[in-house]
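Good morning, colleagues. I should like to take a few minutes to present one protein model, beginning with the whole and ending with a single residue.

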Amino acid sequence: MSHYVDNKRLYTEMVKYTNAYKDAVENDKPLPKVNNYIGECIWKIANKLATKKNFIAYSYRDEMIGDAIENCLRYLHNFDPDKTNNPFAYFTQIMYYAFLRRIEKEKKQSYIKFKA
């Protein structure tokens with residue numbers, strides 16, 4: 001198992017997925033499942049992003065990673081191969097903002113605990 005994400009292969013897999021998704025929506029078929037490679041890439045990107053210096057010190061990194069993966073899977077179908085050929089950047093951006101939202105949530109919770 002490699003420890004990096006092959007952006008070209010990820011792009012190819014994402015094109016296949018988005019085409020299958022569009023076909024399923026147009027023909028009222030069940031939505032396609034995410035293949036293992038895309039899921040593995042999302043997991044690798046999330047775990048690596050969580051080790052960056054601005055996120056490593058938080059004790060709730062697992063929740064941050066979980067939120068990031070959930071958001072990526074939720075917005076997977078919005079990837080547009082006509083606009084960009086860089087799914088790595090697309091997922092990283094989604095994850096970055098998911099991390100920031102989790103940090104903000106946890107700050108609010110700790111403020112509530114402190115006030116109580």
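I shall describe the overall architecture, then the surface and charges, and finally one glutamate.

Please bear in mind that what is displayed is a predicted model. The protein contains four helices and zero strands, and its pattern along the sequence reads α-α-α-α. Taken along the principal axes, the box filled by the C-alpha atoms is roughly 55 × 35 × 25 Å.

How do the contacts of the protein distribute along the sequence? If we consider contacts between residues at least 6 apart in sequence, 69% of them join residues at least 24 apart.

Turning to burial, the protein has 116 residues, and 31% of these count as buried. The exposed area of the protein is about 8,000 Å², of which carbon and sulfur atoms supply 52%. As for charge, there are 20 positive and 14 negative charges in the protein, and the mean positions of these two sets are 7 Å apart.

Let me now come to the residue I wished to single out, E13. This residue belongs to helix 1, which covers residues 7–26. Is E13 buried or exposed? The relative accessible area of E13 is 12%; because buried means under 20%, E13 counts as buried.

Which residues does E13 contact, leaving aside its neighbours within four places in sequence? They are N35, Y37 and I38. To put the two points on this residue together, E13 is a buried member of the protein, and its contacts beyond the sequence neighbours include Y37.

That concludes my presentation. Thank you for your attention.

Terms used. Residues are numbered from 1 along each chain as its sequence is written. This is a predicted model: local features need pLDDT of at least 70, side-chain atom pairs count only at pLDDT 80 or more; totals for chains, interfaces and linings use all residues. Side-chain values use heavy atoms; hydrogens and water are left out. Helices (H or I, at least four residues) and strands (E, at least two) are DSSP runs, numbered from the N terminus. Buried means under 20% relative accessible area, exposed over 50%, partly exposed in between (1.4 Å probe, protein chains only). Contact means heavy atoms within 4.5 Å. Accessible areas come from the Shrake-Rupley method with a 1.4 Å probe; for residues, only the protein chains shown count as cover. Lys and Arg count as positive and Asp and Glu as negative; His and the chain ends are not counted. The place of a charge is taken as NZ of Lys, CZ of Arg, CG of Asp or CD of Glu.
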